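Please work through the exercises below with the sequence and the model side by side, and try each task before reading its solution.

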Amino acid sequence: MFLTVMGASLTVGALAIAVRSLAGTSPASASSAAKPEVMVWKSPTCGCCGGWVDHMRAAGFPVTVQEVDDVEPVKTRLGVPARLQSCHTALVGGYALEGHVPADSVQRLLRERPAAVGLAVPGMPQGSPGMETGVKDPYDVVLFGGAGGDSVYERR
C-alpha cells in the first residue's frame, strides 16, 4: 500500500518510520521500549490477582484480563503443573506465568528466552507482587517445563 505525503509516495512502513523520526523516536528505540501484552485469567472476586495486574501495568506491560469462574482449564491448556499452581494464570510472549511472578523476573524471561513453558510462584507467598501485606516471606520463582525439569529461576 502506498500513500502520498507532501508529494512523495511512501509505503505504510516508511510512513511509520517517518512519523517516528519526526517525533524524535527511532524505530529501534520504539520497538525495544514496547513490552508484549500479558493476557491474565483470574477469578472476578480475587483481589490479590488485581494487585498483580496493577504491578505488571506499573512495570509497563499492557495487560488484558479475562475474568473466569474456573481458571483450571486455562492452567491445563497452558501446561501449568498442579504442584506449581496459584490463583491466576497469564500468558506473555509465548510463556505461561502462574501466580505472583515479579515483573522483573518476566522481563528477564523474555530477554533470555529459555526453552521452558514458563515461570511460577507457587501458592500465594506474602510479600510477592499483589500480596503486599507488610510481611515478606522468602519464595522461589520456578522455571518449569524445560528439558531438565523444574528449576529455581530466582530466590526472593
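The exercises go from the whole chain to one strand and its neighbours.

The model is predicted, so local features need pLDDT of at least 70 and side-chain atom pairs count only at pLDDT 80 or more, while totals for chains, interfaces and linings use all residues. Residues are numbered from 1 along each chain as its sequence is written, and side-chain values use heavy atoms, with hydrogens and water left out.

**Exercise 1.** Find how many helices and strands the protein chain has, and in which pattern they follow.

*Solution.* Begin with the DSSP runs, where helices are H or I over at least four residues and strands are E over at least two, numbered from the N terminus. The count gives 5 helices and 9 strands. Reading along the sequence then yields β-β-α-α-β-α-β-α-β-β-α-β-β-β.

**Exercise 2.** Decide for strand S7 which residues point one way and which the other, and whether they are buried or exposed.

*Solution.* In S7 (residues 118-121), Gly 118 and Ala 120 point one way, whereas Leu 119 and Val 121 point the other way. Next, take burial (buried is under 20% relative accessible area, exposed over 50%, partly exposed in between, with a 1.4 Å probe and protein chains only): all of these residues are buried.

**Exercise 3.** Identify the strands that pair with S7 and the sense of each pairing.

*Solution.* Two strands pair if DSSP finds at least two bridges between them. S6 (residues 95-99) runs parallel to S7 and is joined to it by 4 bridges, with Ala 96 opposite Gly 118. S8 (residues 140-144) pairs with S7 in the antiparallel sense over 3 bridges, and there Leu 143 is the bridge partner of Leu 119.
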